[in-house]
Amino acid sequence: MLIRSTGRTLQIARNKSLKLLDLTKSVNDPVNVSAGDTASLIYLWNPWTIVTCVGSCTSPIENLMVVVMIYGACSRLVPLAAFGYVMATHLSLYPAILILPVTLLLGYGPDTPPAKVFLQKGLSASEVDISDIGKSTSQRGFGQISWKPVLRFILWVFIWSCYVLVLNSIILNKAGGLQEMFEKTYGFILTVKDLSPNIGVLWYFFAEVFDFFRSFFLIVFNMNIIFMVLPLAIRLRHRPCFLAFVYTAIVTMLKSYPSAGDSALYLGLLGLFANELAEMQFTFFLFFGYIGVSLLSPVMHNLWIWRGTGNANFYFATGLAYTCLQTVLVVETVSSMIKHDRKLRLLIKT
């Protein structure tokens, strides 16, 4: 329901912006589907979502917190967005980078075409009232952030963080306290001490790397996620919800202990942009690639771990193919969104 409501909010903002640009017919005629319904159906009927639930994994709880955060930011429910952000970060650490999309959502509003498109159309700032779905932006110019909800979000993040830390300190008072909790949770994630096979690639890499270089490569892999945050935020600042999807996919690709539930989340969020990404390339390759990896991964794992007729390379090959598919997906979705914005500019010129 939260994904569906988020999709409806994005759909309203999209339709309103196209109406202001007089591009409703030219853009909506080829394909115009309900983004919220598409995203919710993809998430609910995704085989990885079903497998995650059957396996009694905690990933659905983490996904719920991320969706709550995005929904709260799109709906301007600042306490709810802050609660989702704090809980998602507390459970998994990596959602911490989603503070940029949430800040942009609260400051600028839901996804819209670039401000240059509106200026090219000759619209003034008083005519464009999209960022809060027609509520409070008529007094601001293009590209100006509304700091009031952002500051409220920071305040609520501080409040929820203190509340969670106090509860943890009380519960873990006789088990080492907060320091022990941080070492066993965040420290465990960042240092990659457990090299049990998973659908990622870091377990294999750190099993093969020399101990002398381990610290160096730990820094490289952990910083690799951070290096992508700022450039993508600058380029996609007018589409913060799409930016959240891109960050989620990158985290799934590079995190130390990925799971099938992580992929279920970003594939569900992908459905929110079904209209903008209608002309995305390599969809056939990606669709059957994901099916192939989903079928081969348990087979290779069974051959190696249970039957003993294979080796680590069997299972690692499926993990490497899975990472390559995610890389292609991220690159193609970002390229398609940029092409979509360029298409709007060309339609304005003509």
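At 24% relative accessibility, F217 counts as partly exposed, and this phenylalanine offers a convenient way into what is a predicted model. F217 forms an aromatic pair with F205, an edge-to-face arrangement with 5.0 Å from centre to centre and 75° between the planes. The two rings come from distant parts of the chain, since F205 belongs to helix α12 (residues 202–208) and F217 to helix α13 (residues 211–227), twelve residues apart. F205 is likewise partly exposed, because its relative accessible area of 29% lies between the 20% under which a residue is buried and the 50% over which a residue is exposed.

A second pair can be set beside this one. F245 and F273 form a tilted aromatic pair, with 6.2 Å between the centres and 50° between the planes. This pair also links distant parts of the chain: F245 sits in helix α15 (residues 240–254), while F273 lies in the loop between α16 (260–270) and α17 (283–306), and 28 residues separate them. Here both partners are buried, F245 with a relative accessible area of 1% and F273 with one of 2%. The count for the protein comes to 25 aromatic pairs, and ring pairs also link W203, Y204, W304, Y315 and F316 into a cluster.

From the rings one can step back to the whole fold. The protein has 18 helices and zero strands, and 47% of its 350 residues count as buried. Among contacts between residues at least 6 apart in sequence, 73% join residues that are at least 24 apart. The accessible surface comes to about 17,600 Å², and carbon and sulfur atoms account for 68% of that area.

The interior can be followed through its nonpolar cores. The largest of these has 69 residues, and those with the most contacts inside it are F153, F242 and F273; helix α15 supplies the largest share of this core, with twelve residues. Leaving aside residues up to four places away in sequence, F153 touches V78, A81, A82, Y85, I99, V102 and L106. Apart from the largest core lies another, made of six residues, among them W203, Y204, M300 and Y315. Of these, W203, Y204 and Y315 are also members of the ring cluster described above.

On the outside, L41, L44, W45, I50 and V54 make a nonpolar surface patch of about 580 Å². The elements that give two or more residues to this patch are α3 (35–45) and α4 (47–54), and α3 gives the most, with three residues. V54 lies in helix α4 and is exposed, because its relative accessibility of 65% is over the 50% cut-off.

Two residues in loops deserve a look at their backbone. R76, in the loop between α5 (59–74) and α6 (78–92), has a phi near 60°, a positive value in a residue other than glycine. R76 counts as buried, because its relative accessibility of 18% falls under the 20% limit. V192, found in the loop between α11 (186–191) and α12, has a positive phi of about 50° although it is not a glycine, and V192 too is buried, with a relative accessible area of 2%.

Notes: Residues are numbered from 1 along each chain as its sequence is written. This is a predicted model: local features need pLDDT of at least 70, side-chain atom pairs count only at pLDDT 80 or more; totals for chains, interfaces and linings use all residues. Side-chain values use heavy atoms; hydrogens and water are left out. Helices (H or I, at least four residues) and strands (E, at least two) are DSSP runs, numbered from the N terminus. Buried means under 20% relative accessible area, exposed over 50%, partly exposed in between (1.4 Å probe, protein chains only). Contact means heavy atoms within 4.5 Å. Accessible areas come from the Shrake-Rupley method with a 1.4 Å probe; for residues, only the protein chains shown count as cover. Rings of Phe, Tyr and Trp (its six-membered ring) pair if their centres lie within 6.5 Å; planes under 30 degrees apart count as stacked, over 60 as edge-to-face and the rest as tilted. Patches are made of residues with over 30% relative accessible area and no salt bridge: like charges are joined within 9 Å, nonpolar side chains (Val, Leu, Ile, Met, Phe, Trp, Tyr) within 5 Å. A salt bridge is a side-chain nitrogen of Lys or Arg within 4 Å of a carboxyl oxygen of Asp or Glu. A nonpolar core is a set of buried Ala, Val, Leu, Ile, Met, Phe, Trp, Tyr and Cys residues joined through side-chain atoms within 4.5 Å.
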